[in-house]
Structure formats: C-alpha cells, structure tokens
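Me: I am new to this structure and would like a close look at a single part of it. Please take the place where the nonpolar residues gather, and say how the rest of the chain stands around it.

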Amino acid sequence: MGAIISAIIIGAIAGALAKFIMPGDDPGGIIVTILLGIAGAFVGSFIMINLLGFGSGGFIWSIIVAVIGAIILLAIYRLLVG
C-alpha cells in the first residue's frame, strides 16, 4: 500500500514538473497530469535502467527519472490528442 501511495505522490510531483517544463493547453486536468507522471516514472525508469544502464537512486533520482518519462509521454499525448 505504501508503494502505491509513493508512486502517486512521485507521479503527481513529476507530472506537475513536466507540465511546468512544457506549458501549454492540454485536455484533461490534474488526473491526466498525475497519470502521465506515474506512467512517466515507469517509462523513465525503463529507459534509464534498461536501455542506458544507469542504476537506481533515491527520491530525487526517482523524481528526475519520472519527470523525464512524463515529458516524453506528455509530448506523445499532445501529438495524439492535439
């Protein structure tokens, strides 16, 4: 249960930071932002750990990786929806 709550918190932070880095008018809202952040954490960790070979780190590293993944997903989301 704690892992789910921390994933939601990290996802919300990552989604908000990704939205701050890539401002614009997106359909959805806070729910879509959180979901993109959570999915971004998975995408970012897959890219960093499996493809680039970087190890896992602490909370800040998780946020950075999740933001990178959320930015990638936000760009894809804008291409598909926008």
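Reply: What follows begins with the whole chain, goes on to the core, and ends with some residues outside it.

This is a predicted model, in which local features need pLDDT of at least 70 and side-chain atom pairs count only at pLDDT 80 or more, while totals for chains, interfaces and linings use all residues. Residues are numbered from 1 along each chain as its sequence is written, and side-chain values use heavy atoms, with hydrogens and water left out.

The protein has three helices and zero strands; here helices (H or I, at least four residues) and strands (E, at least two) are DSSP runs numbered from the N terminus. The order of the elements from the N terminus is α-α-α. pLDDT, the predictor's confidence in each residue from 0 to 100, has a mean of 77 over the protein, and 87% of the residues reach 70 or more. By element, the mean is lowest in H2, at 76, and highest in H3, at 81. Where pLDDT is low, predicted coordinates should not be read in detail.

Of the 82 residues, 27% count as buried. Buried means under 20% relative accessible area, exposed means over 50%, and partly exposed lies in between (1.4 Å probe, protein chains only).

Now the part in question. The largest nonpolar core is made of five residues: Ile10, Ala14, Ile63, Ala66 and Val67. Such a core is a set of buried Ala, Val, Leu, Ile, Met, Phe, Trp, Tyr and Cys residues joined through side-chain atoms within 4.5 Å. Helix H1 (2-21) and helix H3 (59-81) are the elements that give two or more residues to this core. H3 has the largest share, with three residues. In soluble globular proteins, nonpolar side chains tend to be buried together.

Isoleucine 10 shows one set of neighbours in detail. With residues within four places in sequence left aside, isoleucine 10 is in contact (heavy atoms within 4.5 Å) with Phe59, Ser62, Ile63 and Ala66.

On H3, the buried residues are Ile63, Val65, Ala66, Val67, Gly69, Ala70, Leu73 and Leu74. An α-helix has 3.6 residues a turn, so residues three or four places apart point the same way. H3 has 23 residues, and at 1.5 Å a residue they should span 33 Å; the end C-alpha atoms of H3 are 31 Å apart, which agrees. That expected span is 1.5 Å times one less than the number of residues.

Isoleucine 64 also lies in H3, but counts as partly exposed because its relative accessibility is 40%. Its C-alpha atom is 8.9 Å from that of alanine 41, 23 residues away along the chain.

Lysine 19 belongs to H1 and is partly exposed, at 28% relative accessibility. Lysine 19 and leucine 74 are 55 residues apart in sequence, yet 8.1 Å apart in space, C-alpha to C-alpha. Glycine 24 sits in the loop between H1 and helix H2 (30-51). With neighbours within four places left aside, glycine 24 is in contact with Lys19 and Arg78.

In H2, isoleucine 31 is exposed, because its relative accessible area is 57%.

Across the protein, residues 24 or more positions apart account for 76% of the contacts with a separation of 6 or more.
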